[in-house]
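Here's a quick tour of a protein chain for anyone just starting out with structures. Keep the 3D view open and click along as you read.

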Amino acid sequence: MEQRHLGRTGLRVSRIGLGTLTWGRGTDEHDAADLLKVFWEAGGTLVDTADVYGDGEAEYLLGRLTEGLVPRRDLVISTKAGSVPDPERRSDGSRGHLLAALDASLGRLGTDYVDVWHVHAFDPHTPLEETLGALDLAVSSGRARYAGVSDFCGWQLAKAATWQLAAPGPRTRIGSTQMEYSLLQRGVEREVLPAALDLGVGLLPSSPLGRGVLTGKYRDGNPPGSRGASERMAPFVAPYLDEAARHIVDAVQTAADGLSATPLQVALAWVRDRPGVVAPIVGARTAQQLTAALSVETLSLPDEICRALDDVSAPVHRYPDHDWSTL
């Protein structure tokens, strides 16, 4: 699998990442082992997790699998901290919480370091310089090799990345940001992506298949066993089952038919090759699904197909994103 630099850093990662959101919850150790083995044998290196996935079970499973199944040195492990199960405070970016969470993650992962450590969400109740100071401490102590953020809006990302570049003393560059990005969700193109491109921050798209909708499996209803058919995950899928999304899904299917490809391949290739994107994070439930996603490695979309998909999925961005005189 082709490797790409993580933003403006020296770290190289596979251009498709493996997500572990369901590990320890809907994906047991046997299935997780199959997924990791398929990914590794295909040349994949970037594995993304978080301390809250499965209440820590995802990290624990990944740690067990790197003991005997896949060599730790062959993987680029990314984890996150800062998201907390508290309805009054959904994120905690304090130095104490973040560093304690990192130590707990390292214990579950069974490793001395993580390759990339992300702040999971912006915390409006903690000074940003304190949050960023935790990243600096993690890297300077060797517990993390690189640092990033997740779910920061445009001004938050720009402020964080600029602070790290401009503040005095040894600072850790923000190498990456994780955000949802797909043909069904192009909101990052408004401010996040321009900021990332300008500041050398690589984008790691989550839900690159539009929460599964872009595969086309929901065109005729909710198939049994799908997220949309489960009581717990149905609200997660529902926003992308409206009429506007249906037109985009139909366009992806038309493009797939013309290319003798699958809708999954077309949708994933589109987001993988967008400017600023490093590696979409794919959260497959089975090895078969993951194999289908990894088959996109051989596909590059023709320019005319990309333009057609761009047009049908174009978000409405007006003032102040465009000069007022053109409105």
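Of the 327 residues in this chain, 52% count as buried. Keep in mind that you're looking at a predicted model. Below, we start with the whole chain and then zoom in on a handful of residues.

**The whole chain**

- If you count up the secondary structure, you get 11 helices and 10 strands.
- The radius of gyration is 19 Å, close to the 20 Å that the globule rule gives for 327 residues, so the chain is as compact as a globular protein of that length.
- Picture a box of roughly 55 × 50 × 40 Å along the principal axes: that's what the C-alpha atoms fill.
- Take the contacts with a separation of 6 or more: 78% of them are between residues 24 or more positions apart.
- About 14700 Å² of the chain is exposed, and carbon and sulfur atoms supply 51% of that.
- There are 32 positive and 42 negative charges, and the mean positions of the two sets are 2 Å apart.

**Trp 23, a buried tryptophan**

- You'll find Trp 23 in the loop between strand E3 (17–19) and helix H1 (29–41).
- Its relative accessible area is 0%, so Trp 23 is buried.
- Setting aside neighbours within four places in sequence, Trp 23 has a long list of contacts, including Leu 18, Leu 35, Leu 36, Ala 58, Leu 61 and Leu 65.
- Tyr 53 is another of those contacts; the C-alpha atoms of Trp 23 and Tyr 53 are 7.2 Å apart, although 30 residues separate them along the chain.

**Ser 94, just ahead of a helix**

- Ser 94 sits in the loop between strand E5 (76–81) and helix H3 (95–109).
- Is Ser 94 buried or exposed? With 19% relative accessibility, Ser 94 counts as buried, because the cut-off for buried is under 20%.
- The side chain of Ser 94 makes a polar contact of 2.8 Å with the side chain of Asp 92.
- That side chain of Ser 94 also reaches the backbone nitrogen of His 97, at 3.3 Å.
- Beyond four places in sequence, Ser 94 touches Asp 123, Thr 126 and Glu 130.

**Arg 143, partly exposed**

- Look for Arg 143 in the loop between helix H4 (128–140) and strand E7 (144–150).
- Arg 143 has 21% relative accessibility, so it counts as partly exposed.
- A polar contact of 2.9 Å links the side chains of Arg 143 and Ser 141.
- Arg 143 and Asp 115 are 28 residues apart in sequence, while their C-alpha atoms are 8.6 Å apart in space.
- Not counting residues up to four places away, Arg 143 touches a set that includes Leu 99, Asp 103, Asp 112, Tyr 113 and Leu 137.

**The loop between E8 and H6**

- Two residues to click on here are Ser 182, which lies in the loop between E8 and H6, and Glu 189, in the loop between strand E8 (174–180) and helix H6 (192–199).
- Ser 182 is buried, with a relative accessible area of 0%, and Glu 189 counts as buried at 18% relative accessibility.
- The side chain of Ser 182 reaches the backbone nitrogen of Leu 184 at 3.1 Å.
- Glu 189 pairs up with Arg 186 through a side-chain polar contact of 3.0 Å.
- Trp 270 turns up in the contacts of Ser 182 and in those of Glu 189.
- Which residue lies 126 residues from Glu 189 along the chain, with the C-alpha atoms separated by 8.7 Å? That's Pro 315, and Glu 189 is in contact with Pro 315 and also with His 317.

**Two serines with positive phi**

- Ser 207 has phi near 45°, a positive value in a residue other than glycine.
- Ser 207 is in the loop between strand E9 (202–206) and helix H7 (234–237), and Ser 207 is one of the residues that Ser 182 touches.
- Ser 260 isn't a glycine either, and its phi is positive too, near 55°.
- Ser 260 belongs to the loop between helix H8 (243–259) and helix H9 (263–272).
- With 74% relative accessibility, Ser 260 counts as exposed.

Note on methods. Residues are numbered from 1 along each chain as its sequence is written. This is a predicted model: local features need pLDDT of at least 70, side-chain atom pairs count only at pLDDT 80 or more; totals for chains, interfaces and linings use all residues. Side-chain values use heavy atoms; hydrogens and water are left out. Helices (H or I, at least four residues) and strands (E, at least two) are DSSP runs, numbered from the N terminus. The radius of gyration is taken over C-alpha atoms; the globule rule is 2.2 Å times the number of residues to the power 0.38. Buried means under 20% relative accessible area, exposed over 50%, partly exposed in between (1.4 Å probe, protein chains only). Contact means heavy atoms within 4.5 Å. Accessible areas come from the Shrake-Rupley method with a 1.4 Å probe; for residues, only the protein chains shown count as cover. Lys and Arg count as positive and Asp and Glu as negative; His and the chain ends are not counted. The place of a charge is taken as NZ of Lys, CZ of Arg, CG of Asp or CD of Glu. A polar contact is a pair of N or O atoms within 3.5 Å; within protein, one must be able to donate a hydrogen and the other to accept it, and residues adjacent in sequence count only if both atoms are side-chain atoms.
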